[in-house]
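Let's take a walk through this structure together. Have the sequence and the coordinates open, and follow along at your own pace.

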Amino acid sequence: MSEHPGHSAHTLHEHIVPVSTYVAVFIALMFGTALTTWVAYHNLGRWNSVVALIIAVAKMLLVVLFFMHVKYNKGLSRIVIVGGFFWLGIMITLSLSDELTRRWEINPAPFNMILPYISHLHLLF
Amino acid sequence: MSTATADIHEVPAESRVHYLNARYGIKSWLLTLDHKRIGLLYLGTITFMFLIGGIAATLMRLNLIEPQGALVEPETYNKLFSTHGIVMVFFFLVPSIPATLGNFLIPLMIGARDVAFPKLNLMSWYIFVTGCCCMLYAVMTGGVDTGWTFYTPYSSTYAHTSVLLAALGIFIAGFSSILTGLNFIVTIHKMRAPGMTWFRLPLFIWSMYATSMIFVLGTPVIAVTLLLLGLERILHVGIFDPALGGDPLLFQHLFWFYSHPAVYIMILPGMGVVSELIPAFSRKRIFGYSFVAFSSLAIAVISFVVWGHHMFVTGQSVYAGLVFSVLSFLVAIPSAIKVFNWTATLYKGSISYQAPMLYALGFIGLFTMGGLTGLFLASLATDVHLNGTYFIVAHFHYIMVGGAVMAYLGGIHYWWPKITGRLYPDLWARFSALVIFVGFNLTFFPQFVLGYLGMPRRYAMYPAEFQSLNVLSSAGASVLAVGYVIPLVYLIWSLKYGPPAGPNPWKAKGLEWTIQSPPPTENFEETPIVTEEAYNYPTVGGVSV
């Protein structure tokens, strides 16, 4: 059932990545993990989260670009990856729209000014 | 649709090899890579889970016959509504149409011999079954009492029930959704028959594509959220519990980022089914094909930016509430486009009221009611009054049951002759559609009134003044239950005694109707070449014939 003789035109053209690249990426990832652990034992104050996130993003990019072959793919695959990050952006942005505005106060003054006029609108009809 | 196989002649199912009789034995089913058989494996599994969720609902409605609770202790009631919600949402509704009809039909409708990754497809089913087992084990080992929403910090800190097992079940089943969505997206992109352009695709395929987008983009978030819940519950890492330095609203943001789009995972496939049924039983091309197609994608995209309307009264900022309220109203536009286009399709159509069409018409009415009452809840001010009441219960049941389940049953009735090669008794089918419609409204319409009057949801008891409406609702649930049992009986009956269906009993358009029923294992003997638009029904002077 997995054979599709009518669709031979869709044969995949896989990019062959040399093993040395995988090994180099693996070593870089291990180095990133060690660095994360080392940083965790040093108090960098407000930079604690920033540094941890920078290392994590760098590691994530290595995985996405090399292990997931995004570096060698074009078109639809890249759209899918960009779409994934865009959706992540939606989640973070709209969640922060709550978190960052919880202390905002709604100023009723402008509404109080126009309220008397709105309440008499029905007289026009 | 296809010039190659349009005039197919009926060959008796007994005298030819098809996907049901190609191989026999349990092993042939458990190791099958055939998308049609995998669809049927899902059908059996979700029907069983529907039964479990239905039993929980029945016990709840029986309990609510009396104000003090007629049947169970409040703690047991909490477990009943949690089991009902979790099972019905994650183990029935989410996989219902995509995993059964989607699996069965997508390759048939686009002219392919299977999905893109058949082994992955079988693995999805095994993953789903593993998730189901986890959930059932959670029910058997004391149950879970958090509601289907698992709100923290109750679920992460205070609940003493099988929270982790239930969460693990959902976590595992989620991977089944992701893999199914991925499989469908690749299949639709890469395996369409020659001539099957995007704008010749049946609208069911468009809706499945939109659903798959949500599967892939949303499901990982619920998986991560439940993982974080587990971390807090087991290791006391402060993520959601304020006592540990966490933020309970963060859980709600993450949960609803998936779970609101999940509502559209349930309803979008239903809309796809209805978009097939209305043209077939009106003998007419659908009105505004591209609008209906793009509205599916619009619903999928907008569904991801409206989740905050579940949090208007849970402590979310007023500013965020305003933003989410406005965004929530937007989703009504593509939904309304679909409803208007379906009704416009009926105009000057040659309408026949066979069972699938009755389900489709029921869907339009009930979905419209469910959708419009959603606008009450998207409005900040009215939501303050209605949130947490039975109004919400009624609203989402009109969408999920009145909409999704009606469409699912409509789809099952429409494609049953294709799936099994047998016809069912149409009179009984029409009768059951009517019973379900009446039973559904009798069950859930009183709940709109109850909610408006202020009866809160998730309580085992209620003030005596609400009793008559609750009894009405429970009576409706009994009628609804009978309505669900009738199709189960005659569909099983039809497997042995139903008359042969022939390739195209509805005289419908679409590639799946150009092959024998049940279809051969390889679907198409030759790759079909598509030369026509979808729903190309003949008309004379603008009137369908």
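What follows goes from chain A to the interface, then into the core of chain B and on to some of its loops.

Please keep in mind that this is a predicted model. A good place to begin is chain A, which has 125 residues, 17% of them buried. Its secondary structure is made up of four helices and zero strands, so you can expect the pattern α-α-α-α when reading along the sequence. Among the contacts in chain A between residues at least 6 apart in sequence, 58% join residues at least 24 apart.

Now turn to the place where the two chains meet. The size of an interface is often given as the accessible area lost when the parts come together. Here chain B and chain A bury about 2300 Å² between them, and 75% of that area is on carbon and sulfur atoms. On the chain B side, 34 residues are in contact, and they meet 22 residues of chain A. Between the chains there is one salt bridge, and you can find it by looking for B:D247 and A:R102, whose closest N and O atoms are 3.1 Å apart. Four residue pairs are in polar contact across the interface, counting pairs with both residues at pLDDT 80 or more.

Which elements of chain B give two or more residues to the side that touches chain A? They are helix 6 (163-190), helix 7 (203-235), helix 8 and helix 10 (318-330). Helix 10 of chain B gives the largest share, six residues. Sorted by class, this side of chain B has 20 nonpolar, eight polar and six charged residues.

From the interface, move on to the core. The largest nonpolar core has 163 residues, and those with the most contacts inside it are B:I86, B:F91, B:F150 and B:F363. Helix 8 (residues 248-282) of chain B contributes 21 residues, the largest share of this core. There is also a second, separate core of 14 residues, including B:Y77, B:L450, B:A460 and B:F466. To see one of the well-connected members of the main core, pick B:F91: beyond residues up to four places away in sequence, it touches B:I86, B:F128, B:M135 and B:I170, among others.

Another of those core residues, B:F150, deserves a second look for its backbone. Most residues other than glycine have a negative phi, and most peptide bonds are trans. Phi of B:F150, however, is near 50 degrees. This residue lies in the loop between helix 4 and helix 5 of chain B, and B:F150 counts as buried because its relative accessible area is 0%. That loop also holds B:P153, and a cis peptide bond joins B:T152 and B:P153, with omega about 0 degrees.

A similar pairing of topics awaits in the loop between helix 16 and strand 1 of chain B, where B:K507 lies. Phi of B:K507 is near 55 degrees, a positive value in a residue other than glycine. B:K507 counts as exposed because its relative accessibility is 57%. The loop between helix 16 (467-497) and strand 1 (539-540) also contains B:P518, and a cis peptide bond joins B:S517 and B:P518, with omega about -10 degrees.

One last stop is B:A193, in the loop between helix 6 and helix 7 of chain B. Is B:A193 buried or exposed? B:A193 is buried, with a relative accessible area of 3%. Leaving aside neighbours within four places in sequence, B:A193 is in contact with B:I110, B:G111, B:T527 and B:P528.

Definitions and conventions. Residues numbered from 1 in each chain as written. Chains lettered and ligands numbered in written order. Predicted model: local features only at pLDDT ≥ 70, side-chain atom pairs only at ≥ 80, totals over all residues. Heavy atoms only, no water. Core = buried A, V, L, I, M, F, W, Y, C linked by side-chain atoms within 4.5 Å. Buried < 20%, exposed > 50% of the residue type's maximum accessible area, 1.4 Å probe, protein only. Contact = heavy atoms within 4.5 Å. Buried area = accessible area lost by both parts, 1.4 Å probe. Salt bridge = Lys/Arg side-chain N within 4 Å of Asp/Glu carboxyl O. Polar contact = N/O pair within 3.5 Å; in protein donor to acceptor, adjacent residues only side chain to side chain. Nonpolar A, V, L, I, M, F, W, Y, C, P; charged D, E, K, R; others polar.
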